[in-house]
Amino acid sequence: MSNKKLVFPKDFIWGAATASYQIEGAWNADGKGESIWDRFSHTPGKVDNGDTGDIACDHYHRWREDVALMKELGLKAYRFSVAWPRLLPEGRGKLNQAGIDFYDHLVDALLEAKIEPYLTLYHWDLPQSLQDEGGWPARIMADAFVEYADVVSRTLGDRVKNWITLNEPWVSAFVGYRYGRHAPGHTDVSEAIAASHHLLLAHGQAVPVIRNNCPDAKVGIVLNLTPQVPASPSVADKKEATWMDGYINRWFLDPLVGRGYPQDMVSGFGNAMEFVKPGDLEIISTPVDFLGVNYYMRNIARTGNVSETDNAPRTVFRGDEITEMDWEVYPEGIYNVLDRLHLDYSFPAIYITENGAAYKDDISSDGRVDDPARLSYIKRHLEMVKKAILVGVPVKGYFVWSLLDNFEWGFGYSKRFGIVYVDNQTQQRSPKSSAKWYTQVVRENALD
Ligand code: FCB
């Protein structure tokens, strides 16, 4: 066996990611306002097993321990999100000092531990009061988000240098407003399309505000990108793949780089898009410093309408390696996404802001959690990241999802994505073998 190492660039950023609602708990502590996820998870039938984020990983009270844990694991960076209703309980206007203090202390502790903060402003926990005014389908959201971005960047901009406006606007818009599987649980495609525009507008308006408050900030946005592979060479399946690529990937990428909304999608949606006002597309395409990519799997695009004349046998089946989410393990896909971004979009820098896998984990009586499948998932994806770097894609860092087992949205606590095991009863944290392995990767800046 060769002992060749895959060495990463000298200044490569190694981190782990979390999100406020998924880990903080303390849902109504110290003046925090209600979020759409509080409302949603408190509504019977919305989340598996009736789970809520009321306590989650109790990170709001255990952040010191969690920062110490990250330090022990040797992480160089930590991607976390701020809970908007903790700072502005009603979404705008009145500030909640206790919320500001929480993030203030967290950032200080991270810097003290030499862990670079990567701050996400919006990872889905919208203040309920803004939803009551219409939420993302309403244009008022853009200005409300700017007010919030201004508060956070004025408070933390002296210390936080890496800023992410939004996490996965596709999920906020379509899973929240079209499919109803996420908060606020609506099922109206027109709302979803308007929401996606106002999310992008909010992003574009916030970028200069953050830069103004923090002149050396690097500002970006995080998208969930999924390669779309036709299930067969049939015309119908290829068309489906193009549609899905437009829906998941191009719908956000194209306007961000100044190409406007993809025409095939606009006509496919059959939406007049009257909410797009003069000047909006320029604001949305304000150049970013980096793009964050969340990658988990590919999608096989398949239509039921393959005709006889297509004469195409089903050639691409989902591989049989799947995670606990029922997501296919397909490491090549992360390379495909990165390569495509480089060729078609040329962002100045790219981070993998999320990548990881849920598996059933068992903890032994002496606190050991062996998770070879997760370790292998991360390793194989990192090999593909390295391959992308070798062909010139400017990938600057990698954040594993997730630091901790946490509240996995509609699945509650039934899915464990952490490299650290969390006992939901005792809140005891136990690094899994993947975490120990990752520590070594970070230390050596290389894969074996
Ligand atoms: C992403 C989310 C993240 C987590 C992972 C599994 O879509 O951004 O919060 O739930 O999926």
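F174 counts as buried, at 0% relative accessibility; buried here means under 20% relative accessible area, with exposed over 50% and partly exposed in between (1.4 Å probe, protein chains only). Keep in mind that this is a predicted model, where local features need pLDDT of at least 70, side-chain atom pairs count only at pLDDT 80 or more, and totals for chains, interfaces and linings use all residues. Residues are numbered from 1 along each chain as its sequence is written, and side-chain values use heavy atoms, with hydrogens and water left out.

**Aromatic pairs**

The structure holds 42 aromatic pairs. Rings of Phe, Tyr and Trp (its six-membered ring) pair if their centres lie within 6.5 Å; planes under 30 degrees apart are stacked, over 60 edge-to-face, and the rest tilted. Here are two of the pairs.

| Pair | Centre to centre | Angle between planes | Type |
|---|---|---|---|
| F174 and Y247 | 4.9 Å | 80° | edge-to-face |
| Y398 and Y438 | 6.4 Å | 55° | tilted |

The F174 and Y247 pair links distant parts of the chain, 73 residues apart: F174 sits in helix 8 (residues 169–177) and Y247 in helix 10 (residues 235–256). Helices (H or I, at least four residues) and strands (E, at least two) are DSSP runs, numbered from the N terminus. Y247 is buried too, with a relative accessible area of 3%. Both rings belong to one aromatic cluster, made up of W170, F174, Y179, W243, Y247, W251, Y261 and F269.

The Y398 and Y438 pair also bridges distant stretches, with Y398 in strand 11 (residues 395–401) and Y438 in helix 15 (residues 433–444), 40 residues apart. Y398 is buried at 0% relative accessibility, and Y438 is buried at 2%.

Rings also meet charges: a charge sits over a ring if NZ of Lys or CZ of Arg is within 6 Å of the ring centre and within 35 degrees of the ring normal. R298 lies over the face of Y330, 3.8 Å from the ring centre, and R86 lies over the face of F102, at 5.9 Å.

**Helix 15**

Back to the helix that carries Y438. Its 12 residues should span 16 Å at 1.5 Å a residue, and its end C-alpha atoms are 17 Å apart, which agrees; the expected span is 1.5 Å times one less than the number of residues. Buried in helix 15 are S434, A435, W437, Y438, T439, V441 and V442. What covers them includes strand 2 (13–17), helix 3 (59–72), helix 14 (372–390), strand 11, strand 13 (429–431) and strand 14 (446–447). After helix 15 comes N445, with a positive phi near 55°.

**Around the ligand**

Which residues surround the ligand? They are Q22, H123, W124, N167, E168, N294, Y296, E354, W401, E408, W409 and F417, where near means a heavy atom within 4 Å. A side-chain N or O atom of Q22 is 2.8 Å from a ligand oxygen. For N167, a polar side-chain atom lies 2.9 Å from a ligand oxygen, and for E354 the distance from a side-chain N or O atom is 3.0 Å.

**Two more buried residues**

S20, in helix 1 (residues 20–23), is buried at 2% relative accessibility. Leaving aside neighbours within four places in sequence, S20 is in contact (heavy atoms within 4.5 Å) with S81, V82, A83, Y103 and D125.

D361 is in the loop between strand 10 (350–354) and helix 14, and is buried with a relative accessible area of 9%. Beyond neighbours within four places in sequence, D361 contacts V369, D371, R374, R416, Y421 and K432.

Note on methods. Polar contact = N/O pair within 3.5 Å; in protein donor to acceptor, adjacent residues only side chain to side chain.
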